[in-house]
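Student: I have a model open on my screen and would like to go through it with you. Could we begin with the term that the burial figures depend on?

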Amino acid sequence: MSLNIAAKEIKPLRLNYAHLARRMGEHKPATRYQEAVYDVQPTTNFHYPPSWDPSRKLYDTARTAIVMQDWYSFTDPRQFYYTSYVAARAKQQEIMESNFELVEKRHLLQSLPADLAAHIRQVLIPLRHYEYGANMNNQDICHRGYGTTITSLASFNGFDRIGMAQYLSRIALLLDENEETSLQAAKQAWLEAPTWQGLRHALEDSFVLDDWFEILVAQDVVMDGLLYPLIYEGFISQVAAQGGSAFLMLTQFMNEWNEENSRWTNQLLKVTASESAANAELLAQWTQTWLARLEQAFMPIAQLAFGEQGAEQLATVKAALLARLAKQGIKVEGVGHVRT
């Protein structure tokens with residue numbers, strides 16, 4: 001007796017959803033990322049003037065001065081949607097938990113020189129409040145922004161900032177052997193110390209900006225573009241050279257996150273600036289305004305972190321940010337050196 005097994009290919013009647021077919025054609029299969037983000041935001045149903053702002057609809061392109069023919073022309077180079085984002089962060093969380101466990105088990109922070117530990121407390125721990133503020137800004141972008149490819153990333157960004165604030169809190173507890181001394185001192189420094197008031201003032205002013213895209217430029221491009229290279233690359237490298245190599249592990253996620261975050265903000269700026277000369281000019285104007293202000297705000301922080309070399313370190317970081325923006329078609333002119 002013989003058996004003949006035949007295979008028959010059954011072609012599906014549809015390869016994608018109707019809203020994706022309208023965008024890319026009926027015969028092209030969509031990726032999971034495209035299914036999760038393209039045209040998800042309501043444009044007809046659940047799209048009405050809210051009672052708290054009856055002059056505009058709930059999802060309104062007029063909430064920013066940036067004008068795009070298609071708000072879904074930007075796509076995340078990382079292809080993050082909820083599932084891929086959670087999977088990526090879960091892996092990073094496992095690594096960070098191992099890092100913290102090793103540092104705590106081996107008592108690596110207890111061998112730090114007292115003056116170095118005090119310096120780290122002054123520079124690093126107050127930034128937990130900055131991260132909470134950055135979360136608020138990104139969730140506001142998610143709330144008032146337009147286009148799921150942008151608003152979903154802003155929401156993910158906000159969750160990341162809460163995570164980094166918690167990492168900084170855990171570092172403070174490790175330094176103090178689970179006492180709250182550094183946490184309380186950092187809060188008072190953020191509220192009262194002259195070193196932090198320029199940054200705090202700028203951050204709180206960004207909370208009340210009317211244009212959500214300007215918030216994105218101020219927070220995710222300019223503030224982060226100055227702070228992360230200055231602190232998590234420059235200052236942490238200095239700490240490691242002075243005997244605090246454990247902080248390379250404790251801040252590993254911050255450095256990885258900054259590289260990753262720059263990828264999607266670079267792409268977003270490039271797409272937006274190439275849409276029109278008016279967009280490019282507006283982005284350059286916002287960047288110039290916030291860079292001039294934040295350069296002044298970061299100067300006392302740079303001097304606290306690097307001493308006499310603070311101005312030089314900040315100038316290097318600023319030059320790198322300007323070069324990065326120029327590659328995206330945003331040329332910022334007229335931003336001079338700060339007074340030291």
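Tutor: Buried means under 20% relative accessible area. Please keep in mind that this is a predicted model.

Student: How much of the chain is made up of buried residues, then?

Tutor: Of the 340 residues in the chain, 50% are buried.

Student: And how many helices and strands are there?

Tutor: The chain has 13 helices and 0 strands. Its pattern along the sequence is accordingly written α-α-α-α-α-α-α-α-α-α-α-α-α.

Student: What box do the C-alpha atoms fill?

Tutor: Taken along the principal axes, the box is roughly 80 × 65 × 40 Å.

Student: What share of the contacts comes from residues 24 or more positions apart?

Tutor: Among contacts with a separation of 6 or more, such residues account for 76%.

Student: Let us turn to helix packing. At what angle do α9 and α12 pack?

Tutor: Helix α9, residues 212–241, packs against helix α12, residues 277–306, at about 25 degrees, and their axes are 9 Å apart. The two helices are therefore roughly parallel to each other. The crossing in which α9 passes α12 is right-handed.

Student: How do the residues of that contact divide?

Tutor: The contact of α9 with α12 comprises 20 nonpolar, 3 polar and 2 charged residues.

Student: What about α5 and α9: at what angle do they cross?

Tutor: Helix α5, residues 127–144, crosses α9 at roughly 150 degrees, and the axes come within 10 Å. Angles over 145 degrees count as roughly antiparallel, and α5 and α9 are therefore roughly antiparallel to each other. Their crossing is left-handed.

Student: Which residues meet there?

Tutor: From α5, the participants include Leu 127, Tyr 130, Ala 134, Asn 138 and Ile 141. From α9, they include Trp 212, Gln 219, Met 223, Asp 224 and Tyr 228. The contact of α5 with α9 divides into 12 nonpolar, 4 polar and 5 charged residues.

Student: Gln 219 caught my eye. Is it buried or exposed?

Tutor: Gln 219, which lies in helix α9, is buried, with a relative accessible area of 0%.

Student: And with which residues is Gln 219 in contact?

Tutor: Leaving aside neighbours within four places in sequence, Gln 219 is in contact with Tyr 130, Gly 133, Ala 134, Asn 137, Asn 138, Arg 161, Leu 203 and Asp 224.

Student: Two of those sound like a charged pair. With which residue does Arg 161 form a salt bridge?

Tutor: Arg 161 pairs with Asp 224 in a salt bridge whose closest N and O atoms are 2.8 Å apart. This pair links distant parts of the chain, as Arg 161 is in helix α6 and Asp 224 is in helix α9, 63 residues apart. Both Arg 161 and Asp 224 are buried.

Student: Why can such side chains pair at all?

Tutor: Side chains of opposite charge can pair when their charged atoms come close.

Student: How many salt bridges does the structure hold?

Tutor: There are 19 salt bridges in the structure. One of them joins Asp 53 to Arg 56, with the closest N and O atoms 3.2 Å apart. Both Asp 53 and Arg 56 are buried.

Student: I also see Glu 97. Which residue is its salt-bridge partner?

Tutor: Glu 97 forms a salt bridge with Arg 170, and the closest N and O atoms are 2.8 Å apart. Glu 97 lies in helix α3, residues 82–105, and Arg 170 in helix α6, residues 148–175, so the pair ties together parts that are 73 residues apart in sequence. Glu 97 is partly exposed, at a relative accessible area of 30%. Arg 170 is likewise counted as partly exposed, at 30% relative accessibility.

Student: One last topic: where is Gly 310 placed?

Tutor: Gly 310 is in helix α13, residues 310–327. Gly 310 is buried, with a relative accessible area of 0%. Apart from neighbours within four places in sequence, Gly 310 is in contact with Ala 302 and Gln 303.

Student: And how far apart in space are Gly 310 and Asn 138?

Tutor: From C-alpha to C-alpha, Gly 310 and Asn 138 are 29 Å apart in space, and they are 172 residues apart in sequence.

Conventions: Residues numbered from 1 in each chain as written. Predicted model: local features only at pLDDT ≥ 70, side-chain atom pairs only at ≥ 80, totals over all residues. Heavy atoms only, no water. Axes fitted to C-alpha atoms, helices over the stretch in contact; angles between N-to-C directions. Helix = DSSP H or I, 4+ residues; strand = E, 2+ residues; numbered from the N terminus. Parallel < 35°, antiparallel > 145°, perpendicular 65-115°, else oblique. Left-handed = near helix turned anticlockwise from the far one by under 90°. Nonpolar A, V, L, I, M, F, W, Y, C, P; charged D, E, K, R; others polar. Salt bridge = Lys/Arg side-chain N within 4 Å of Asp/Glu carboxyl O. Buried < 20%, exposed > 50% of the residue type's maximum accessible area, 1.4 Å probe, protein only. Contact = heavy atoms within 4.5 Å.
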